[in-house]
Amino acid sequence: MSCIFLIKRLCFVLLILPLLVSLSITLPVYAEESSKGEMSVSKEFDASKVMLGSVKAAVFDLDSGEMLFSKHADWVTPIASITKVMTALVILESEQPLNAWLEIPKPDLETRKNAYSRMRIGSQLKRRDLLKLALMSSENLAAYTLAYHHPGGVDAFVADMNIKAKQLGMVDSTFVDPSGLSKLNVATASDLVKLLAAAARHKEIQQYSTASRYTANFQSPRYSLAYGNTNRLVRRNNWDIILSKTGYITEAGRCLVLMSKLDGKDIGMVFLDAFGKLTPLGDAARVKRWITTGDSGHIAGAALRYAQDKAKEYPN
């Protein structure tokens with residue numbers, strides 16, 4: 001009996017040995033490929049691995065048009081200065097001369113009440129520079145000046161913003177001013193995906209919105225003002241951002257839209273209604289980590305509680 005038992009054990013070892021050898025060979029090769037970073041973008045995007053602090057969000061692949069992740073993306077919400085992306089789109093598609101000098105007008109009540117500007121009323125700045133300041137530094141008076149000098153004035157400009165929104169299929173979006181100071185400028189994250197995709201086709205919006213710093217030279221009288229980008233990520237070497245816009249008013253919370261190259265792919269991100277200045281920046285980092293590693297990581301407790309509390313304000 002012992003002899004038969006030994007024969008059976010030997011047969012079992014002979015059968016299992018090839019499998020053990022196979023595993024010992026393939027597992028180190030897999031680990032080696034991962035460590036080399038040859039597949040830095042996940043082939044399968046698991047949305048359950050994403051945790052974001054923003055109340056509403058959307059992540060998409062610009063090239064394929066695929067929505068990679070969405071969170072309450074159909075909830076209508078104020079969008080603050082994200083509005084200025086539409087302002088830039090209307091300006092560029094109106095084909096007005098970008099080198100024209102425009103006089104800084106006295107701001108309307110909304111702009112005067114809710115925004116401070118260093119620009120001097122009555123001085124002049126080129127349309128190109130006003131557009132750059134509106135995008136990179138979120139200069140509200142710059143956005144208002146662009147609309148003021150639009151054919152037909154501010155009312156006609158706002159009307160053109162809403163016309164453009166309809167053309168893009170932004171069915172849940174409404175604009176009432178060019179700067180985003182009004183809480184009545186509203187959209188959904190899904191709508192802003194469409195806006196971001198359209199804006200990305202204009203190299204001026206890409207260049208102006210991602211400029212780190214810029215000095216604007218005015219005339220009548222002559223003076224200069226230095227500006228910085230409101231999105232600190234454009235100054236980070238580990239980001240390749242090709243379009244960016246921040247936004248904030250009390251009713252909108254902290255907002256951010258951006259487009260970045262990740263492993264050769266143009267990935268668009270929309271973050272709306274976040275807690276604190278750092279949360280949307282952290283969300284961008286979490287999406288980047290998710291795209292490149294498959295897991296976004298965690299969020300701070302205060303940001304999570306804010307998102308949960310704000311979500312209760314919306315119907316199920």
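Biologist: Why are α4 and α8 called oblique to each other in this predicted model?

Modeller: The axes of α4 (residues 127-136) and α8 (residues 203-210) cross at roughly 60° and come within 7 Å. Angles of 65 to 115 degrees would count as roughly perpendicular, and those under 35 as roughly parallel. The α4/α8 pair fits neither range, so oblique is the word. The crossing is right-handed, by the way.

Biologist: Which residues make that contact?

Modeller: From α4 you get R128, L131, K132, L135 and M136, and from α8 I205, Y208 and S209. Sorted by class, the α4 contact with α8 has 5 nonpolar, 1 polar and 2 charged residues.

Biologist: And what makes α2 roughly antiparallel to α4?

Modeller: Again, look at the angle. Helix α2 (residues 83-93) packs on α4 at about 160°, with the axes 9 Å apart. The cut-off for roughly antiparallel is over 145 degrees, so α2 and α4 get that label. Their crossing is left-handed.

Biologist: What does α2 put into the contact with α4?

Modeller: K84, V85, A88, I91 and L92 come from α2, facing R127, L131, A134 and L135 of α4. The α2 contact with α4 divides into 7 nonpolar, no polar and 2 charged residues. Notice that L131 and L135 of α4 take part here, and L131 and L135 are also listed in the contact with α8.

Biologist: How do you know that H202 is buried?

Modeller: H202 has a relative accessible area of 18%. Buried means under 20%, so H202 qualifies. It sits in the loop between α7 and α8, and H202 touches L89, L92 and E93, leaving aside residues up to four places away in sequence. The C-alpha atoms of H202 and A88 are 9.5 Å apart, with their positions 114 residues apart in sequence.

Biologist: Then why is I121 called partly exposed?

Modeller: Its relative accessible area is 49%. Exposed needs over 50% and buried needs under 20%, so I121 lands in between and counts as partly exposed. You'll find I121 in the loop between α3 (109-114) and β5 (124-126). Not counting residues up to four places away in sequence, I121 touches I104, P105, K106, P107 and L141. L141 is 20 residues along the chain from I121, at a C-alpha separation of 9.7 Å.

Biologist: What makes α7 largely enclosed by the rest of the structure?

Modeller: Simple count: 9 of the 11 residues of α7 (residues 189-199) are buried, so the helix is largely enclosed. The buried ones are A189, D191, L192, V193, L195, L196, A197, A198 and A199. For the whole protein, buried residues make up 50% of the 316.

Biologist: Which residues have the most contacts inside the largest nonpolar core?

Modeller: M86, M119 and L192, in a core of 64 residues. Take M86: M161, K164, A165, L168, M170, F175 and L195 are what it touches, again without residues up to four places away in sequence. Another core lies apart from that one, with 21 residues, among them V234, W239, F271 and W290.

Biologist: How many helices and strands are there in the protein?

Modeller: There are 10 helices and 11 strands. Among contacts between residues at least 6 apart in sequence, 64% join residues at least 24 apart.

Conventions
Residues are numbered from 1 along each chain as its sequence is written. This is a predicted model: local features need pLDDT of at least 70, side-chain atom pairs count only at pLDDT 80 or more; totals for chains, interfaces and linings use all residues. Side-chain values use heavy atoms; hydrogens and water are left out. Axes are lines fitted to C-alpha atoms, for helices over the stretch in contact, and angles run from 0 to 180 degrees between N-to-C directions. Helices (H or I, at least four residues) and strands (E, at least two) are DSSP runs, numbered from the N terminus. A crossing is left-handed if the near helix is turned anticlockwise from the far one by less than a right angle, and right-handed if clockwise. Contact means heavy atoms within 4.5 Å. Ala, Val, Leu, Ile, Met, Phe, Trp, Tyr, Cys and Pro count as nonpolar, Asp, Glu, Lys and Arg as charged, and the others, Gly among them, as polar. A nonpolar core is a set of buried Ala, Val, Leu, Ile, Met, Phe, Trp, Tyr and Cys residues joined through side-chain atoms within 4.5 Å. Buried means under 20% relative accessible area, exposed over 50%, partly exposed in between (1.4 Å probe, protein chains only).
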